[in-house]
Amino acid sequence: MAVTNSNGVVYGQSGTSPAANSYYDHLLTNYFLQMLPDARNNSNVLLSMIDKRPTTAVSGKYIVFPVRFGRSTGLNNVGYGGVIPDPGFQKAQTYSTMTRKGMARIALDGDTIRHGKTNGGAYAEAMQIEMEGIIDDIMIDRARQVHNDGSGRLAEVKSISGTEITLKVNSSIEGALTTRAAGTLDKYIEVGMRIAAFDNASAPYTFAAGVYQAYVTEVTVSGADVKIKVASTPTGAALTITGGAVPLVTNAWLVRCSQATGAATLRADSGYRTEMMGIGGVYSDTNVFDGVGLSGLQQTNAGESLGASAAGFQGLDAGAYDFNRGIVLDNGAAGNRPLTEELMQQAISDAEEINNANVELILSSFPTYNSYVKLLTPDKRYNNTLELAGGHKTLTFNGIGWVKDRFCYQNRVYFLALDQFHILETAPLQALVGGDVTTWERLDEYDKYWRGWTWEDNMIVEIRNRTGAVLTELAS
């Protein structure tokens with residue numbers, strides 16, 4: 001009998017009853033590549049820049065520091081024999097703020113720990129993966145926060161239809177009405193995240209009758225909009241958004257929430273007005289909803305502000321002091337306009353003229369950066385690039401490096417004077433410990449273990465209108 005395609009030893013027979021001559025398949029092994037690629041985008045451009053600034057260790061509840069402004073009027077030229085001017089005086093006020101506390105936790109059962117050894121049983125130990133992963137995830141959430149305004153808002157509710165919640169950008173961000181949600185808010189909110197909803201005076205809303213916290217089960221982008229669906233459990237059916245004593249409404253704030261403990265402790269268990277200050281709050285000419293009240297006399301603070309009106313910025317009313325209003329170049333609510341070199345130069349000139357800002361970095365979203373590249377294409381000047389500390393290679397404008405950050409709100413350009421930014425730190429990122437001994441806590445009666453981390457800090461600026469400028473209401 002001749003050799004045919006089907007006799008002898010063959011490879012890779014399919015079906016539930018492979019031929020006897022494919023026996024060698026039973027002797028073949030799988031070849032495991034010794035690598036573990038990470039598909040997550042861990043980019044945190046602005047945070048990495050700010051973290052390079054000096055960190056100041058602080059303690060106590062309130063952090064206060066004086067700020068000088070105004071000049072003495074006790075001088076002028078006089079003629080011979082003229083009267084000496086009446087004495088004037090210098091002026092000062094008190095800036096104040098609070099550090100903001102963050103926490104994180106992981107948990108593993110004993111079986112996973114024991115079966116996940118790396119001597120052939122797994123690519124990496126589960127304990128190592130979870131510990132390293134949560135540190136990365138903390139940094140990514142902080143990278144989001146440094147673009148926001150301290151209010152804790154991931155987004156606001158634009159509209160509700162059945163099980164679908166359409167989102168809009170935090171309304172306190174300059175140019176929010178013409179800021180594209182898609183491309184930003186779909187990075188702020190992830191499937192599995194637990195969220196709560198509030199009004200701007202700390203009153204909670206329900207997603208359904210009795211449901212004050214919900215898990216995000218779906219995030220979709222539809223044109224310029226971002227839409228989500230939520231459920232009462234991580235794998236539950238999508239809730240129809242209706243019912244309850246205080247049903248969810250448009251303009252509600254959506255914030256992260258840590259524990260499903262009901263309405264009574266919801267605010268304390270959430271990110272509502274407890275996140276670190278970000279550039280969305282700094283580069284604004286109004287007060288912010290960051291939970292910090294107005295400074296009192298004698299370098300004290302009046303307490304946390306939870307009213308429907310924003311109290312101030314770093315303890316001072318923005319309306320009362322020119323130096324406490326950020327420099328904003330908008331389009332007068334006339335809609336978005338194209339990005340031009342003239343607009344960018346105007347922003348830098350205003351920042352320098354108003355309070356001598358030392359603009360050293362330009363920041364935008366990817367679409368706005370691409371618009372700048374397109375603007376330069378006819379002149380071919382985009383070949384001149386600058387490599388910044390941290391390995392970021394970027395274009396320049398007037399010799400100033402321009403970086404792009406995926407968490408940056410769109411339709412705007414920030415002109416940053418980084419010398420005005422400082423991180424105040426009550427506690428660096430550290431494991432929760434008991435008696436200075438880092439331990440894994442065991443869940444009572446179960447072979448399951450958990451470990452937590454905490455940190456407490458905030459970002460401040462020395463003088464708000466010396467931080468640079470923001471150019472808003474741009475076409476991309």
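The following legends describe close-up views of a predicted model.

**Figure 1. Overall dimensions and composition of the predicted chain.** The chain comprises seven helices and 23 strands. Along the principal axes, its C-alpha atoms fill a box of roughly 130 × 65 × 50 Å. Of its 476 residues, 43% count as buried. Considering contacts between residues at least 6 apart in sequence, 73% of them join residues at least 24 apart.

**Figure 2. Surroundings of H147 in the loop between α3 and β5.** The loop that carries H147 connects α3 (126-145) with β5 (155-161). H147 has a relative accessibility of 1% and therefore counts as buried, the cut-off being under 20%. A polar contact of 3.2 Å links the side chain of H147 to the side chain of D405. Once neighbours within four places in sequence are set aside, the residues in contact with H147 are L46, Y188, G278, I279, G280, L363, D405, F407, C408 and Y409. D405 thus appears both in this contact list and as the side-chain partner in the polar contact.

**Figure 3. Cysteines C257 and C408.** C408, one of the residues in contact with H147, is buried, with a relative accessible area of 1%. C257 is also buried, and its relative accessible area is 9%. Both values fall under 20%, so each cysteine meets the criterion for a buried residue. A disulfide is a covalent bond between the sulfur atoms of two cysteines. The structure holds zero disulfides.

**Figure 4. The buried side of helix α7.** Helix α7 spans residues 366-376, and T368, Y369, Y372 and L376 are buried within it. These residues lie on the same side of α7, because the arc that they cover around the axis is only 105°.

**Figure 5. Strand β18 and the environment of F421.** F421 belongs to strand β18, which runs over residues 421-431. With a relative accessible area of 1%, F421 is buried. Beyond its neighbours within four places in sequence, F421 is in contact with R53, I279, V282, Y283, M459, I460, V461 and T467. F421 and T55 are separated by 366 residues in sequence, while their C-alpha atoms are 9.9 Å apart in space. I279 is among the residues in contact with F421 and is also listed among the contacts of H147.

**Figure 6. The enclosed cavity.** Rolling a probe the size of a water molecule over the atoms shows where empty space is left. In the whole structure, one cavity of 30 Å³ or more is found. The volume of the largest cavity is about 30 Å³. Its lining consists of T97, M277, D290, Q314, N458 and M459. One of these lining residues, M459, is also in contact with F421.

**Figure 7. The second largest pocket and its lining.** This pocket has a volume of about 410 Å³. It is lined by 16 residues, of which R40, I129, E130, G133 and I134 are the closest to its centre. Helix α3 provides eight residues, the largest share of the lining. Both β4 (100-109) and α3 supply at least two lining residues each. Helix α3 also precedes the loop in which H147 is found.

Methods
Residues are numbered from 1 along each chain as its sequence is written. This is a predicted model: local features need pLDDT of at least 70, side-chain atom pairs count only at pLDDT 80 or more; totals for chains, interfaces and linings use all residues. Side-chain values use heavy atoms; hydrogens and water are left out. Helices (H or I, at least four residues) and strands (E, at least two) are DSSP runs, numbered from the N terminus. Buried means under 20% relative accessible area, exposed over 50%, partly exposed in between (1.4 Å probe, protein chains only). A polar contact is a pair of N or O atoms within 3.5 Å; within protein, one must be able to donate a hydrogen and the other to accept it, and residues adjacent in sequence count only if both atoms are side-chain atoms. Contact means heavy atoms within 4.5 Å. A disulfide is a pair of cysteine sulfur atoms within 2.5 Å. The arc is that of the directions from the helix axis to the C-beta atoms. On a 1 Å grid over the protein atoms alone, a cavity is a set of points where a 1.4 Å probe fits but cannot get out, and a pocket is an open set with protein on both sides within 12 Å along at least five of seven lines; lining residues have an atom within 4 Å of a point. Grid points are joined across faces, edges and corners, and a volume is the space filled by probe spheres set on the points.
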